[in-house]
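Please open the structure in a viewer and keep the selection tool at hand. The tour below proceeds by selections, each followed by an account of what is found there.

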Amino acid sequence: MSNNDKSVVSRLRKLISEGAYAPGERLGEVAVAEQLGVSRTPVRLAFRTLEQEGLLQQAGKRGFMVREFTQADVHCAVEVRGVLEGLAARHLAEQGLPPGVEKELNFGSKGKKLIAKGYLVESDINQWSELNAHFHGIIIHSIGSGVVADAIARNNHLPFAAADSIIIDSDDLEREFKKLQLAQFHHELIFQSLKQGEGARAEMLMREHALIGLRYPELLADSE
């Protein structure tokens with residue numbers, strides 16, 4: 001998926017989260033493309049991605065509508081992901097990090113460089129999203145069993161449950177920088193606990209990390 005396609009997904013995800021499209025509202029490719037100022041192709045791809053994320057559902061043969069869900073649904077789905085990812089992190093820490101996995105996880109230095117400049121530009125959003133998805137994916141798929149990964153994959157079909165469905169508000173990059181700065185710090189702490197074989201700590205950190213999109217915006221707003 002190109003950066004432009006990812007940008008359309010991100011913008012639509014944000015609009016749905018803000019209630020710009022009502023639950024049950026049917027979305028048309030042409031109308032949405034005109035609203036976002038893009039062609040129909042990235043909108044069509046975005047609809048399919050957001051269907052997989054549980055934000056849209058099919059309406060007829062080719063159309064999509066906004067799925068009905070509550071904030072309680074979102075909170076539960078995110079908490080379930082945190083529990084499952086925490087379980088994966090604990091197993092990985094207790095098993096010991098294989099050299100190849102440690103090297104893969106240490107890519108977090110790229111995230112550190114992205115944050116180190118002290119601000120975000122819009123092009124950073126897709127880069128962060130890729131780094132974040134890679135970090136979570138390595139932990140989930142490195143424990144020698146597909147059970148947790150399968151459970152997370154099923155949970156990811158619920159609204160805003162997936163790790164890569166984090167919403168970055170491009171209209172407030174100063175606040176979003178603070179959120180990603182905290183997320184990057186979490187990544188570094190999780191990596192540290194995994195290297196040191198601290199299973200309980202890794203599990204706790206992973207569960208807390210899942211809550212960034214739900215709980216931290218209020219704290220960051222208060223700090224401004």
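**First stop: H4 and H8**

In this predicted model, select H4 and H8, where H4 passes H8 in a left-handed crossing. Helix H4 covers residues 71-95 and helix H8 covers residues 147-155; their axes come within 10 Å and cross at roughly 165°. Angles over 145 degrees count as roughly antiparallel, and H4 and H8 are therefore roughly antiparallel to each other.

Next, display the side chains at this contact. On H4, select Ala77, Val80, Arg81, Leu84, Glu85, Leu87 and Ala88; their counterparts on H8 are Val148, Ala151, Ile152 and Asn155. Coloured by class, the contact of H4 with H8 shows eight nonpolar residues, one polar residue and two charged residues.

**Second stop: H4 and H10**

Keep H4 selected and add helix H10, residues 199-209. H4 and H10 pack at an angle of about 155°, and their axes are 7 Å apart. These two helices, H4 and H10, are therefore also roughly antiparallel to each other. Here H4 passes H10 in a right-handed crossing.

Which residues make this contact of H4 and H10? From H4 come Gly82, Val83, Glu85, Gly86, Leu87, Ala89, Arg90, Ala93 and Glu94, while H10 brings Gly199, Ala202, Glu203, Met206 and Arg207. Six of the residues in the contact of H4 with H10 are nonpolar, three are polar and five are charged.

**Third stop: H9 and H10**

Leave H10 in view and select helix H9, residues 173-195. The axes of H9 and H10 come within 9 Å and cross at roughly 160°, which makes H9 roughly antiparallel to H10. H9 passes H10 in a left-handed crossing.

To see the contact, select Ala183, His186, His187, Leu189, Ile190, Gln192, Ser193 and Leu194 on H9, together with Arg201, Ala202, Leu205, Met206, Glu208 and His209 on H10. By class, the contact of H9 with H10 consists of seven nonpolar, five polar and two charged residues.

**Fourth stop: the largest pocket**

Now turn to the pockets. The largest pocket has a volume of about 840 Å³. To centre the view on the largest pocket, select Ser17, Phe160, Ile167, Gly213 and Leu214, the closest to its centre of the 37 residues that line it.

Which helices each supply at least two residues of the lining of the largest pocket? They are H1 (3-17), H4, H7 (122-141), H9 and H11 (212-223). When the lining of the largest pocket is coloured by class, 19 residues are nonpolar, ten are polar and eight are charged.

**Fifth stop: the second largest pocket**

The final selection is the second largest pocket, which holds about 590 Å³ of space. Of the 30 residues lining the second largest pocket, Glu53, Ser129, Ala133, Ala162 and Asp164 are the closest to its centre.

At least two residues of the lining of the second largest pocket come from each of H1, helix H3 (40-52), H4, H7 and H8. Which helix gives the most to the lining of the second largest pocket? Select H7, which gives ten residues to that lining, the most. By class, the lining of the second largest pocket has 13 nonpolar, ten polar and seven charged residues.

Technical notes
Residues numbered from 1 in each chain as written. Predicted model: local features only at pLDDT ≥ 70, side-chain atom pairs only at ≥ 80, totals over all residues. Heavy atoms only, no water. Axes fitted to C-alpha atoms, helices over the stretch in contact; angles between N-to-C directions. Helix = DSSP H or I, 4+ residues; strand = E, 2+ residues; numbered from the N terminus. Parallel < 35°, antiparallel > 145°, perpendicular 65-115°, else oblique. Left-handed = near helix turned anticlockwise from the far one by under 90°. Contact = heavy atoms within 4.5 Å. Nonpolar A, V, L, I, M, F, W, Y, C, P; charged D, E, K, R; others polar. 1 Å grid on protein atoms, 1.4 Å probe; cavity = no way out; pocket = protein on both sides within 12 Å on 5 of 7 lines; lining within 4 Å. Points joined across faces, edges and corners; volume = space filled by probe spheres on them.
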